[in-house]
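Here are my notes on the model you sent round. Have it open while you read, and go through the points in order.

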4 protein chains.
Amino acid sequence: MNYVKPLPSFLAQRYHGWKATTFAENHAWYKRLAEEGQRPRAMVISCCDSRVHVTSIFGAEQGEFFIHRNIANLVPPYEPDGNQHGTSAAVEYAVTALKVTHLIVLGHSNCGGVAGCYAMCSGQAPELDEKTSFVGRWMDILRPGFERLPEGEADTARRQALEHEAVKVSLENLMTFPFVRSAVEAGDLSLHGLWTDIADGDLHALDPISDRFRPV
Amino acid sequence: MNYVKPLPSFLAQRYHGWKATTFAENHAWYKRLAEEGQRPRAMVISCCDSRVHVTSIFGAEQGEFFIHRNIANLVPPYEPDGNQHGTSAAVEYAVTALKVTHLIVLGHSNCGGVAGCYAMCSGQAPELDEKTSFVGRWMDILRPGFERLPEGEADTARRQALEHEAVKVSLENLMTFPFVRSAVEAGDLSLHGLWTDIADGDLHALDPISDRFRPV
Amino acid sequence: MNYVKPLPSFLAQRYHGWKATTFAENHAWYKRLAEEGQRPRAMVISCCDSRVHVTSIFGAEQGEFFIHRNIANLVPPYEPDGNQHGTSAAVEYAVTALKVTHLIVLGHSNCGGVAGCYAMCSGQAPELDEKTSFVGRWMDILRPGFERLPEGEADTARRQALEHEAVKVSLENLMTFPFVRSAVEAGDLSLHGLWTDIADGDLHALDPISDRFRPV
Amino acid sequence: MNYVKPLPSFLAQRYHGWKATTFAENHAWYKRLAEEGQRPRAMVISCCDSRVHVTSIFGAEQGEFFIHRNIANLVPPYEPDGNQHGTSAAVEYAVTALKVTHLIVLGHSNCGGVAGCYAMCSGQAPELDEKTSFVGRWMDILRPGFERLPEGEADTARRQALEHEAVKVSLENLMTFPFVRSAVEAGDLSLHGLWTDIADGDLHALDPISDRFRPV
């Protein structure tokens, strides 16, 4: 594997700093977590975007949150066809094996994946329509969200509305998984939709009554 | 969407704490990141496991790291079949759109996904063999790693060896993506393999010469 | 230019070591930084002193910090008189062109420049009072800090207090620059005062409430 | 000083990491440096640019290098007019008080300050011509270098030639300081000119015979 390189020293330096401080402060807890296994309280599905603050917002990395991150925080519909579905596997593991009690989908502003989907669905990104585009095929999950966007608004507003749709479509798709639906109906699991604004740090939650996002 | 619930107050409280402290300290920077876009230096592929410290180890969440997290930090082989491949989409976006210069696969000890794969491949978890098991089908990616495990060691050692294989198989599969291979060959991207021990916080890096993991 | 000499070999040797290691690990990132330009998050104003650890403390030299170093980390008041003001030029470039979001003044213990200022203001260094003394004229910037030192303490304590004043005077002078003040007032820039102890490595931050330096 | 803010936590975290590792490894040496004073072997004058690797290239921050950083690594001519000259003060302190034995001017590629000077001298940046432009007035130091650029080359080549001139002009100006000239003539101080390419990490040294920069 001669294409593999050693860890860059600036990262090694940060690791050693973490080891000597944050880890040292918590090592007994981490040791227990290793021995007894994780027991996360919630699963969070968020975007890979480097500006999304999921860990710091919730003070994660202490064994509480099972975190799946993919492009545009999407969940595909239930499709047990024997193919590889990484997101569905993560949901299945969290709900059936770890029995998390909260499942949170966290969207965000300025999402490049959602912007790509918007361009693709508007006919402005033919390269994303190609069969070989992994990003394009992945963003197909969000097409139903694009189709129900209200007409007559500016592109900026519609793109942000599509970011909200990415959360809603994922929540809807989650309910197509039998093990999610039954856990929700049994009161063992609750679903939550969030959207965070990168620029001003605001967090908005999907209000189930009005079906709109409101500041937390 | 009456199955959606409001954000639990313990999370709202943490969010407000973050907003008043970490966010407040950095808001001008986040505003610029929102306006000018992200320019992450590295992509990290790690496990969803709630005990994995990827963000704090490297001081992430400041725009530097594009993070994909799935079960057992796996990358499937290149398969442009028009289906939904969330991991492949994330890799494609990071390498071709964001042009990250480092791609790091981070495995970890006590990995439940890898343990499941080990049980499945050893014939001890027939439920994971079923077509409808998302976790089982996802862990199929790691079967080639199981098959080359050395014989004659204890289960504990073999399971840890399989965690190392999860990193190696992913790195091998990454090289089957034409855009990854060409970026690596052009010197624009370097691949790295890491494995972290949850209990003692140690970080091990895959040494390309010996093909073994060694402490950083 | 026969007064110019070739690079001493001990430095050439270190350069080759850096090139083969740190640079090699990060070359793709440096290439991008060269092509796309720097986007530093912070400006640091520190002393030229060979014992000041600004780069390693913060893991700098990766494109994140715009660093100006002068004698005693001083910033003169705003004086747009058409003369050459190297420090003011650096501040202007960082704030108006690079739009850094943090501006940090970093003082330190055992500062020779501050000790010289203390001696000069106490009448014990007449050579620094001469018009032709560049160091003396430069340290004039710190005279207002000397004048407000509390009486009745030992010289050692007063010299350290003057090191703290060097940070405070610089912060006060920074606010006399219209472009600094307006960026601060708009919330796009925050100012920070630090002082580091060379002997024990401690870092102290200026607490805006108490107006005193406290350990980080 | 209510405009001063506490240190952002991401920097506090990096500091604590450094303190627990790099500092801990070297604390006895730093303690001696604090007690006995610095005794740097060389002064380096380099640019503030966040991509310039002066500390890591030479393994600095251990008491060996007295480092002055300003826009475009410029030294003005000797002008003992009683005004504040930060760069001249740094040179005076290094040569007369610290008695460094090497004085290195380090230029670099992709220099924003030099590009601004080039635009200004070409009549393409009238805002830099204004009396109130600190950057413009500072870059006036480099005007003699612009005026002797060879004609008939492309802008890119001429801008890089001007980066080389920034080093040469500074070396020439250094020789106008009586204490520099006499130390050079006595053989107690040697001057060196360097230029580093950010993209490929190469270091070029000014060859006194050919008057050209050549790879180290």
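1. Why does C47(A) have no disulfide partner? The closest cysteine sulfur to that of C47(A) belongs to C111(A) and sits 4.2 Å away, too far for a bond; a disulfide here is a pair of cysteine sulfur atoms within 2.5 Å. C47(A) is also buried, at 4% relative accessible area (buried is under 20%, exposed over 50%, partly exposed in between, with a 1.4 Å probe and protein chains only).

2. C48(C) is a similar story. Its closest cysteine sulfur is in C47(C), 5.6 Å off, which is too far for a bond. C48(C) is buried too, with a relative accessible area of 0%. Searching the whole structure turns up 0 disulfides over all chains.

3. A word on ground rules: this is a predicted model, where local features need pLDDT of at least 70 and side-chain atom pairs count only at pLDDT 80 or more, while totals for chains, interfaces and linings use all residues. Residues are numbered from 1 along each chain as its sequence is written, chains are lettered from A and ligands numbered from 1 in the order written, and side-chain values use heavy atoms, with hydrogens and water left out.

4. Now chains A and B. Here 99 residues of chain A touch 99 residues of chain B (contact means heavy atoms within 4.5 Å). About 8800 Å² is buried between them, with carbon and sulfur atoms giving 64%; buried area is the accessible area (1.4 Å probe) that two parts lose on being put together, summed over both. On the chain A side, E61(A), Q84(A) and F134(A) lose the most area to chain B, together 10% of what that side buries.

5. What about charges across chains A and B? The count is 4 salt bridges, a salt bridge being a side-chain nitrogen of Lys or Arg within 4 Å of a carboxyl oxygen of Asp or Glu. E64(A) and R14(B) make a salt bridge through their side chains, at 2.8 Å from N to O.

6. Within chain A, the split is domain 1 (7-37) and domain 2 (38-215), with bounds from an automatic or database domain assignment. Their contact takes 6 residues from domain 1 of chain A and 5 from domain 2 of chain A. The area buried between these two domains is about 360 Å², 40% of it from carbon and sulfur atoms. Y30(A), L33(A) and G37(A) supply 73% of what domain 1 buries against domain 2, more than any other three residues. Across this domain interface, the rule finds 0 salt bridges.
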